[in-house]
Amino acid sequence: MAESSNITLQSKEPSLGQIQIAPEVLEIIVGIAVSQIEGVNRMRGTISSSVNELFGRKKSLGKGVKLTIVDDQISVDIYAYLDYGVAVPKVALAIQDKVKQQILFMTDLALSEVNVHITGIVTEKTESAIDPNNLFGDEDPETDENEDGEES
């Protein structure tokens with residue numbers, strides 16, 4: 001990774017040396033902070049991160065987060081799926097507050113913008129009304145017939 005892409009923190013004691021943070025660290029901090037918000041189902045990932053998760057590889061904690069640094073101003077774009085039934089504006093504001101708070105607390109950096117993009121709503125998984133052992137519903141579950149058509 002190139003040194004110029006790292007974020008240099010201003011130290012109170014310049015004689016101690018520099019402190020640099022890779023942008024990926026900020027993305028992971030943001031990803032973890034967002035995942036802790038009630039109502040957030042998951043973050044949007046790329047096709048490659050989804051395939052990696054299918055094959056059992058580690059989850060990318062920074063997925064769904066885009067960091068932009070322009071003229072020492074840091075802005076974050078967050079792409080998330082929410083649970084069905086939550087108040088979207090309330091959850092989005094909670095995301096903004098939590099992300100700004102965690103970045104400031106953990107790195108002493110102030111974010112210029114926290115943009116939240118709700119990319120979808122995830123509904124609850126419902127129980128299937130179809131019995132996999134009786135796909136066509138032609139058998140009476142109370143009686144069990146043998147092959148000759150006689151009840152047992």
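## The turn between strand 4 and strand 5

In strand 5, Gln-73 is the bridge partner of Val-70. This is a predicted model. The pair belongs to a wider match: strand 4 and strand 5 run antiparallel and are joined over six bridges. Together they form a hairpin with two residues between the strands.

Both Asp-71 and Asp-72 deserve a look here. Asp-71, in the hairpin, takes a positive phi near 50°. Asp-72 has a positive phi of about 60°, although it is not a glycine. Asp-72 sits in the loop between strand 4 and strand 5. Is Asp-72 buried or exposed? Its relative accessibility is 76%, so Asp-72 counts as exposed.

## The whole chain

Now step back. The chain has three helices and six strands. Follow the sequence and the order is β-β-α-β-α-β-β-α-β.

How much of the chain is buried? Of the 152 residues, 28% are buried. The accessible surface comes to about 11400 Å². Carbon and sulfur atoms account for 50% of that surface.

Contacts also tell a story about the fold. Take the contacts with a separation of 6 or more. Of these, 62% are between residues 24 or more positions apart.

## Strand 5 and its partners

Strand 5 pairs with strand 4, as described above. Strand 5 also pairs with strand 3 and with strand 6. With strand 3, the sense is antiparallel, over three bridges. In that pairing, Val-40 stands opposite Leu-82 of strand 5. With strand 6, residues 113-122, the strands run parallel. Nine bridges join strand 5 to strand 6. Here Ile-78 stands opposite Val-116 in strand 6.

Is strand 5 mostly covered or mostly open? It is mostly covered, with eight of its eleven residues buried. Ser-75 lies in this strand. The cut-off for buried is under 20% relative accessible area. Ser-75 has 11% relative accessibility, so it counts as buried. Leaving aside residues up to four places away in sequence, Ser-75 touches Lys-66, Leu-67, Thr-68, Ser-112 and Glu-113.

## The nonpolar core

In soluble globular proteins, nonpolar side chains tend to be buried together. In this model, the largest nonpolar core has 25 residues. Which of them touch the most other members? They are Val-30, Val-34, Val-40, Ile-78, Ile-95, Val-99 and Ile-103. Several elements give two or more residues to this core. Among them are strand 1 (7-9), helix 1 (23-35) and strand 3 (40-43). Strand 4 (65-70), strand 5 (73-83) and helix 3 (88-107) also contribute in this way.

Val-30 offers a sample of the packing. Not counting residues up to four places away in sequence, Val-30 touches Val-65, Val-76, Ile-78, Val-99 and Ile-103. Ile-78 thus appears twice in this report: it touches Val-30, and it stands opposite Val-116 in strand 6.

## The loop after helix 3

Two neighbors share the loop between helix 3 and strand 6: Asp-108 and Leu-109. Asp-108 has a positive phi, near 65°, in a residue other than glycine. Asp-108 is exposed because its relative accessible area is 60%.

What about Leu-109, buried or exposed? At 13% relative accessibility, Leu-109 counts as buried. Which residues does Leu-109 touch, not counting those up to four places away in sequence? They are Ile-7, Leu-9, Leu-26, Ile-74, Ile-103 and Leu-104. Leu-26 is 83 residues from Leu-109 along the chain. The C-alpha atoms of the two are separated by 9.9 Å.

## A patch on the surface

Nonpolar residues also appear on the surface. Tyr-84, Val-88, Ile-118 and Ile-121 make a nonpolar surface patch of about 360 Å². Val-88 lies in helix 3. How does Val-88 count in terms of exposure? Its relative accessibility is 33%, so Val-88 counts as partly exposed.

Methods. Residues are numbered from 1 along each chain as its sequence is written. This is a predicted model: local features need pLDDT of at least 70, side-chain atom pairs count only at pLDDT 80 or more; totals for chains, interfaces and linings use all residues. Side-chain values use heavy atoms; hydrogens and water are left out. A nonpolar core is a set of buried Ala, Val, Leu, Ile, Met, Phe, Trp, Tyr and Cys residues joined through side-chain atoms within 4.5 Å. Buried means under 20% relative accessible area, exposed over 50%, partly exposed in between (1.4 Å probe, protein chains only). Helices (H or I, at least four residues) and strands (E, at least two) are DSSP runs, numbered from the N terminus. Contact means heavy atoms within 4.5 Å. Patches are made of residues with over 30% relative accessible area and no salt bridge: like charges are joined within 9 Å, nonpolar side chains (Val, Leu, Ile, Met, Phe, Trp, Tyr) within 5 Å. Accessible areas come from the Shrake-Rupley method with a 1.4 Å probe; for residues, only the protein chains shown count as cover. A salt bridge is a side-chain nitrogen of Lys or Arg within 4 Å of a carboxyl oxygen of Asp or Glu. Two strands pair if DSSP finds at least two bridges between them.
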